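Reader: I am new to this structure and would like to learn how to read it, feature by feature. Could we begin with a single residue and then work outward?

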Amino acid sequence: MKIAMINAVCGSGSTGAICKELVDSFSKNGNECIIYYGNRSSNYVCAKKIANKLEVKVNSLLARFTGLQGYFAYWSTFRCIQQLKKFSPDIVHIHNVHGNYINVPILLYYLKKHHIRTVITLHDCWFYTGKCTHYTEVSCYKWKKECGQCPQLKADIPSIWFDCTKKMLKDKERIYRDFPELSVIAVSDWICNQAKQSIMKHLKIETIYNWVDLDVFHPTQIKSKSKFIILGVSAKWEKDSHKYQDFLKLSKIISDDEEIWLVGEHEDNCLPDNIVSIPYVEGKEKLAQIYNLADVYVHLAREDSFGKVIVEALACGTPAVAYNTTVYPEIISKEAGFIAEVGNLKQVYENISMIKHKGKLAYSEACVICASKYEKKSIIDETFRHYTTYWRR
């Protein structure tokens with residue numbers, strides 16, 4: 001089978017790693033695969049870059065000025081389509097396309113016109129909203145009927161002046177209509193159920209979770225530590241983000257024998273003494289060591305479609321605490337951690353104290369069991385099954 005992946009990046013970041021691992025697995029089984037991507041650079045043998053930095057920058061500026069996301073990138077889209085014609089794939093699997101490197105309507109109309117089997121993975125909510133990747137924090141559900149007067153116009157993917165969310169949602173709806181070769185993979189039951197209330201509700205939508213490499217993320221023996229470690233992981237800790245500010249608030253109420261470790265790129269260099277900044281960790285093995293060192297993993301983001309870092313922590317036998325929103329109650333079992341009300345740092349700390357009182361080992365076995373359903377090979381096999389059987393349903 002010939003499989004083409006389309007994503008903003010290849011090999012880096014969450015979606016880039018997912019695409020590469022899918023292609024690695026499919027290629028080993030005799031399939032021919034290519035990843036078409038538009039941002040950053042990659043030396044991956046099965047990847048072709050379709051856009052350059054100047055094009056992406058120009059497309060980004062046009063999107064900000066006009067309010068239209070994914071409507072420019074004509075040359076890179078033309079290159080992508082020419083590559084698709086040459087490759088002649090059996091499946092086109094689309095991941096993240098809101099990176100100013102592809103013209104989404106042109107690409108999808110091409111696939112629709114030529115009856116090419118197409119799979120969209122919902123890594124966030126962009127494919128069924130006017131422009132938002134997430135919306136629960138602002139409690140906006142206009143996308144169920146009609147977008148417009150967007151409360152996040154200058155957030156997320158910003159527009160300087162114009163609100164084109166109504167048009168963009170209508171255009172997506174028009175493209176999805178009468179597209180029998182299109183199916184959808186949702187990375188959690190939460191986003192699957194949301195999509196089934198949207199302009200995608202007539203499409204075939206199936207939950208196939210993201211995965212964790214359990215050969216890397218698993219419990220290991222560690223040396224004793226002087227303090228109880230509360231861990232948080234993020235690609236970037238922005239000073240004004242709720243999750244970062246909530247950790248600052250949490251640092252004011254933890255005891256002297258407790259310490260917060262924040263892994264990821266930091267904007268703030270003036271941290272309290274009881275917060276340890278750890279730069280972005282390259283390599284799964286090093287990250288797995290940190291999860292194992294931690295006594296509890298605390299996730300204070302307020303929106304997610306999956307929450308891979310939570311599952312990685314659980315796989316290492318580390319119990320988790322997260323907010324009662326989006327996907328988090330779905331992935332943390334009652335035996336593997338706690339769910340707190342959004343913004344309730346007192347309740348978060350009570351949950352941390354409960355774990356500290358019982359001890360990490362009291363939760364570790366349940367954590368590993370909870371994470372076992374996200375085993376890499378079985379989920380990649382599910383994805384391939386989706387390619388080969390889902391249209392027959």
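Author: Let us begin with I222, which is partly exposed, since its relative accessible area is 34% and that value falls between the 20% below which a residue is called buried and the 50% above which it is called exposed. Please keep in mind throughout that this is a predicted model.

Reader: Where does I222 lie, and which residues does I222 touch?

Author: I222 is placed in the loop that runs between β7 (204-207) and β8. When residues up to four places away in sequence are not counted, I222 touches N292 and L293. A separation along the chain can also be set beside a separation in space: I222 and A288 are 66 residues apart in sequence, while their C-alpha atoms are 12 Å apart.

Reader: A288 brings us to a helix, I think; which residues of helix α8 are buried, and what covers them?

Author: Helix α8 covers residues 284-293, and its buried residues are L287, A288, I290, Y291 and N292. The cover over these buried residues includes β8, β9, β10, β11 and α9. Helix α7 (residues 242-251) can be read in the same manner, with Y244, D246, F247, L248, L250 and S251 as its buried residues, and these pack against β8, β9, β10, β11, β12 and α11.

Reader: Several of those names are strands, so how should I read the sheet, and in what order do its six strands stand?

Author: The six strands form an open sheet, and reading across it gives the order β10-β9-β8-β11-β12-β13, with parallel pairing. At the edges stand β10 (275-278) and β13 (337-340), and each has a single partner strand, so one side of each is left without a neighbour in the sheet. Direction ignored, neighbouring strands of this sheet are turned against each other by 20° on average.

Reader: What does one pairing look like in detail, for example that of strand β11 with strand β12?

Author: Strand β11 (residues 296-299) pairs with strand β12 (residues 320-323) in the parallel sense, over three bridges. Within this pairing, V298 has V321 of β12 as its bridge partner. Helix α11 (residues 345-358) packs on the sheet, where it touches β8 (228-237), β9 (258-266), β11, β12 and β13, and the direction of α11 makes about 170° with that of β13.

Reader: After β12 there is a loop with T325 in it; is T325 buried or exposed?

Author: T325 lies in the loop between β12 and α10 (328-331), and T325 is buried, with a relative accessible area of 13%. Leaving aside neighbours within four places in sequence, T325 is in contact with T136, R302 and V342.

Reader: What is the strand order in the open sheet of seven strands?

Author: That open sheet has the order β3-β2-β1-β4-β5-β6-β7, with parallel pairing. Its edge strands are β3 (47-49) and β7, each of which pairs on one side only, and the twist from one strand to the next averages 20°. Strand β6 (residues 182-186) and β7 pair in the parallel sense over four bridges, with V184 standing opposite I205 in β7. Helix α1 (residues 13-28) packs on this sheet, touching β1 (2-7), β2 (32-37) and β4 (91-94), and its direction makes about 170° with that of β1.

Reader: How should I describe two helices that pack on each other, and at what angle do helix α3 and helix α4 pack?

Author: Two packed helices are described by the angle between their axes together with the distance between those axes. Helix α3 (residues 74-87) and helix α4 (residues 104-113) pack at an angle of about 25°, and their axes are 10 Å apart. Angles under 35 degrees count as roughly parallel, and α3 and α4 are therefore roughly parallel to each other. Their crossing is right-handed. The contact is made by Y74, T77, C80, I81, L84 and K85 of α3 and by I106, L107, Y110 and L111 of α4; these residues divide into eight nonpolar, one polar and one charged.

Reader: And how do the axes of helix α9 and helix α12 cross?

Author: The axes of helix α9 (residues 308-315) and helix α12 (residues 361-371) come within 7 Å and cross at roughly 130°, and the two helices are therefore oblique to each other. The crossing in which α9 passes α12 is left-handed. The contact is made by V311, L314 and A315 of α9 with C367, V368, C370 and A371 of α12, and the residues of this contact divide into seven nonpolar, no polar and no charged.

Definitions and conventions. Residues are numbered from 1 along each chain as its sequence is written. This is a predicted model: local features need pLDDT of at least 70, side-chain atom pairs count only at pLDDT 80 or more; totals for chains, interfaces and linings use all residues. Side-chain values use heavy atoms; hydrogens and water are left out. Axes are lines fitted to C-alpha atoms, for helices over the stretch in contact, and angles run from 0 to 180 degrees between N-to-C directions. Angles under 35 degrees count as roughly parallel, over 145 as roughly antiparallel, 65 to 115 as roughly perpendicular and the rest as oblique. A crossing is left-handed if the near helix is turned anticlockwise from the far one by less than a right angle, and right-handed if clockwise. Contact means heavy atoms within 4.5 Å. Ala, Val, Leu, Ile, Met, Phe, Trp, Tyr, Cys and Pro count as nonpolar, Asp, Glu, Lys and Arg as charged, and the others, Gly among them, as polar. Two strands pair if DSSP finds at least two bridges between them. Buried means under 20% relative accessible area, exposed over 50%, partly exposed in between (1.4 Å probe, protein chains only).
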